[in-house]
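Hi everyone, thanks for coming. I'd like to walk you through one structure today, piece by piece, so please keep it open while I talk.

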Amino acid sequence: MFQVNFVDVKAENAIFDGEGWDAVVVVTPDLDSIGFDEIGLLAQHGAHVDKRVGKSPTLLFAPGLAGGRLIIAPVTQVNDEYVDVRVYANAARAAIAIAKDAGAKRPLLYVVPSKDSRFSFASEVAALACGQELWQTLELREATGLTPAFESIGLLSSSTHNSNLLNALEAGRVLARDLCGTEPERMSAKAFADYCLQSFAGSVIKTAVVEDRDILERDYPLLSAVARSSFAVGRHQPRVVKLEYLPEGQVTRTFLFAGKGVIYDTGGADLKVGGAMAGMSRDKGGASAVAGLFKTLSMLKPKGIRVIAELGLVRNSIGSEAFVTDEIITSHAGVRVRIGNTDAEGRLVLADLLSHLRIKAVSAVKPEMFSVATLTGHVVRCYGSYPAAVENSVASSQQCAVTLQQQATQWGEPFEVSTLRPEDFAKIRDVSGAAEILSSNNAPSSITARGHQYPAAFLLKASGLFDHGVNAPIPLAYTHLDIAGSATEGDPLYGKPTASPLVGLYQYLINR
C-alpha cells in the first residue's frame, strides 16, 4: 500500500548526522519555543540572515544536523481565537513538501508542543497532514510504478507519539482515498468491492458481498432501482459490501454505518447537464471513508466496540431501463416512496442499507447508527468544506453530534451540527396520497431551503428508523453525516480525496 511509514524517535541525538535521518522538519509557533538548543540557535541565526525564517516555511543549510537540512515551518495564527489545530496541519504540509523537493528520504518531524487545549493533538494532526500531502492517485501509481517519496518519517518529540495509531489511521486514509479518488471504470462497483476484500484479507474484519440481482432487488429495492439501468452491463452491476469488526472480549457499544458508494452519478433520467457530471466519480466518498475506518479498526483492534457497516455501490446510469421520476417503489422497510428526482439517488441507496442495519441495531448492545454520504450540494452552499451532522431526536438527547464535533475538531476534522425541524418532514409529503413519502423535490439541493437537512427526514421515514424515536419501545440513535464539502480538497471536481471523516469517527468510537 502506498503510504507514509511513521516511526517513533525518542533519542535527541537523532537530529545529528549519522543516525540515518536526512532532514529535520520543525513545526513551531515561534523560534523561541524550539526545545532543542542546536536547532534553536541555527533557526535564530537563519532569521538574522533571512527575514523569511519564522514567517514562512524555509529550508536552512544546517551543518551537523541530519542530512544538513533544517526546515522551519512557522504556525503563524496560533493567537487567533477562531483557528483550530489545522494551522499545524497546514504548516506541516508546506514543510514536508519542501523536504520532498529537497531530496530527503527519511526526514524527522518535530512539532513544538503547545499548552493551548485547541492544539492538544497538534503533533498527531501534523503527522497525518504529511500523509495527506504525500499521497498520490492510484491511477498514477499503477501507470508509472510510483513509490512513496519517503522511506519513513521520524516523529521526534518530548512527548510520546503513538506511531501504531498514526500508521493505522493513515492506512485507513490511504484506502479511503484510493476508493474515492479513482476513476469509475478502474473503481467500478465490482472493483470497489474487490479492493475492499483484498484490503481486509487475513484480517479480523468479516466481509461479505451481495451481487446476485434477485437478492438485491428483493432486499435492496430502492438501491436496485438506482442501479436498474446498470444491470445490463456486467462491469457496471451494483454490489453491497458488508463489513463487521467484532472485538475480543465483551462488547459495550455497537456502531452501525451505512456508506453511500455511488460509483458514478449521471443524474439518471434527470440527467446532469452543463458540465455538472464532471467529478461524479467522487460520489462514493461516504462508502470509501467507512471502508477506510474498518482498515484502521483491523490494525488497532480496539476493545469493547462492535462495528457493522453496509456499503451500497451503484452506478446511476441512464438508459431505457433507468428508473424515472414519479415511480413509486416500496423500500426494504415497507415504505412506499415516490421518486421526486432521479438525481437524488444517494438517499435511496442509504435508506435500504439503514433498514438492514436497523434490524441488527434492535438487538445490539447500546447501538448508534450513522449514514455517511457525499449527499447534497446544499451542505457545500451552507458550510463550504465542512461536513454536517444531522441527528434524530434520540441521538440529540444523547449529544451524539456535539460529542462527535468536539472529538473531530481536536483531530483536525471539524463538523457543523444541523437540526431536524418539522419543515423537513413536510418537504417529503406526497401530496397525491398514492405514496407515503416523496424522495426529493425537483430542484437542485443547493437552491432548496433546508436542502441538506430534509434528506435526513426522508432517511428516517424510508428506513423505518422514524418508528424508533425517543418514545418508542426501542429507541435508536441515528446521525446522518453529509460530507459533500469535505470529501475532497482544492479543486471541487478532481481535488485530492481527504478520507474525511475517518479520523474524527475513529476518535469518537474509541472515546464514546
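One definition before we start: a residue is called buried when its relative accessible area is under 20%, exposed when that area is over 50%, and partly exposed in between. Take Cys382: its relative accessible area is 38%, so this cysteine falls into the partly exposed group. Cys130 is another story, because at 0% relative accessibility Cys130 counts as buried. Also, please keep in mind that what you're looking at is a predicted model.

While we're on cysteines, how many disulfides does a search of the whole structure find? Zero. In case the word is new to anyone, a disulfide is a covalent bond between the sulfur atoms of two cysteines.

Okay, on to the sheets. Let's begin with the six-stranded one. This sheet is open, its strands come in the order 1-6-5-2-4-3, and the pairing is mixed. Which strands are at the edges? Those are strand 1, residues 6-9, and strand 3, residues 58-61, and each of them pairs on one side only. From one strand to the next, the twist averages 25°.

If you zoom in on strand 3, you'll see that four bridges join it to strand 4, residues 69-74, and that these two run antiparallel. For a landmark there, find Thr58, which has Ile72 of strand 4 standing opposite.

Two helices to point out on this sheet. Helix 3, residues 122-134, packs on it and touches strand 1, strand 5 (107-111) and strand 6 (153-156). The direction of helix 3 makes about 140° with that of strand 5. Then there's helix 5, residues 163-181, which also packs on the sheet, touching strand 1 and strand 6. Helix 5 makes about 165° with the direction of strand 1.

Now the other sheet. Here we have eight strands forming an open sheet, in the order 7-8-10-9-13-17-14-15, and again the pairing is mixed. At the edges stand strand 7 (206-210) and strand 15 (416-419); each has a single partner strand, so one side of each is left without a neighbour in the sheet. On average, neighbouring strands here are turned by 20° against each other, ignoring direction.

Within that sheet, have a look at strand 9, residues 253-265, and strand 13, residues 367-373: they run parallel and are joined by six bridges. Ala258 stands opposite Ser371 of strand 13. Hang on to Ala258, we'll come back to it.

Which helices lie across this sheet's strands? One of them is helix 9, residues 285-300, lying across strand 8 (239-245), strand 9, strand 10 (305-316) and strand 13. It runs at about 150° to strand 10. Another is helix 15, residues 454-463, which lies across strand 13, strand 14 (388-391) and strand 17 (477-482), at about 135° to strand 17.

Let's step inside helix 9 for a second and pick out Ser288. Is Ser288 buried or exposed? It's buried, because its relative accessible area is 1%. Leaving out residues up to four places away in sequence, Ser288 touches Ala176, Leu179, Cys180 and Phe192.

Phe192 takes us to helix 6, where it is one of the buried residues, along with others including Tyr195, Cys196 and Phe200. Helix 6 covers residues 189-200, so to speak a 12-residue piece, and reaches 17 Å from its first C-alpha to its last, close to the 16 Å expected at 1.5 Å a residue. After helix 6 comes Gly202, whose phi is positive, near 75°.

Two aspartates to finish. Asp326 sits in the loop between strand 10 and strand 11 (328-330), and with a relative accessible area of 51% it is exposed. Asp326 touches Arg338 and Ile339, not counting residues up to four places away in sequence. The C-alpha atoms of Asp326 and Ile339 are separated by 5.2 Å, although the two are 13 residues apart along the chain.

Asp352, on the other hand, is in helix 10, residues 346-362, and is buried, with a relative accessible area of 0%. Among the residues that Asp352 touches are Tyr220, Pro221, Ser331 and His332. And here's Ala258 again: Asp352 is 94 residues away from it in sequence, yet C-alpha to C-alpha they are 9.2 Å apart.

Last thing, from the records: an unreviewed UniProt entry annotates residues 341-348 as "domain: Cytosol aminopeptidase". In the model, the end C-alpha atoms of that span lie 11 Å apart, and the span is 38% helix and 0% strand.

Notes
Residues numbered from 1 in each chain as written. Predicted model: local features only at pLDDT ≥ 70, side-chain atom pairs only at ≥ 80, totals over all residues. Heavy atoms only, no water. UniProt positions renumbered as here; feature names shortened; annotations may be inferred. Expected span 1.5 Å × (residues − 1). Buried < 20%, exposed > 50% of the residue type's maximum accessible area, 1.4 Å probe, protein only. Disulfide = S-S within 2.5 Å. Pairing = 2+ DSSP bridges. Axes fitted to C-alpha atoms, helices over the stretch in contact; angles between N-to-C directions. Contact = heavy atoms within 4.5 Å.
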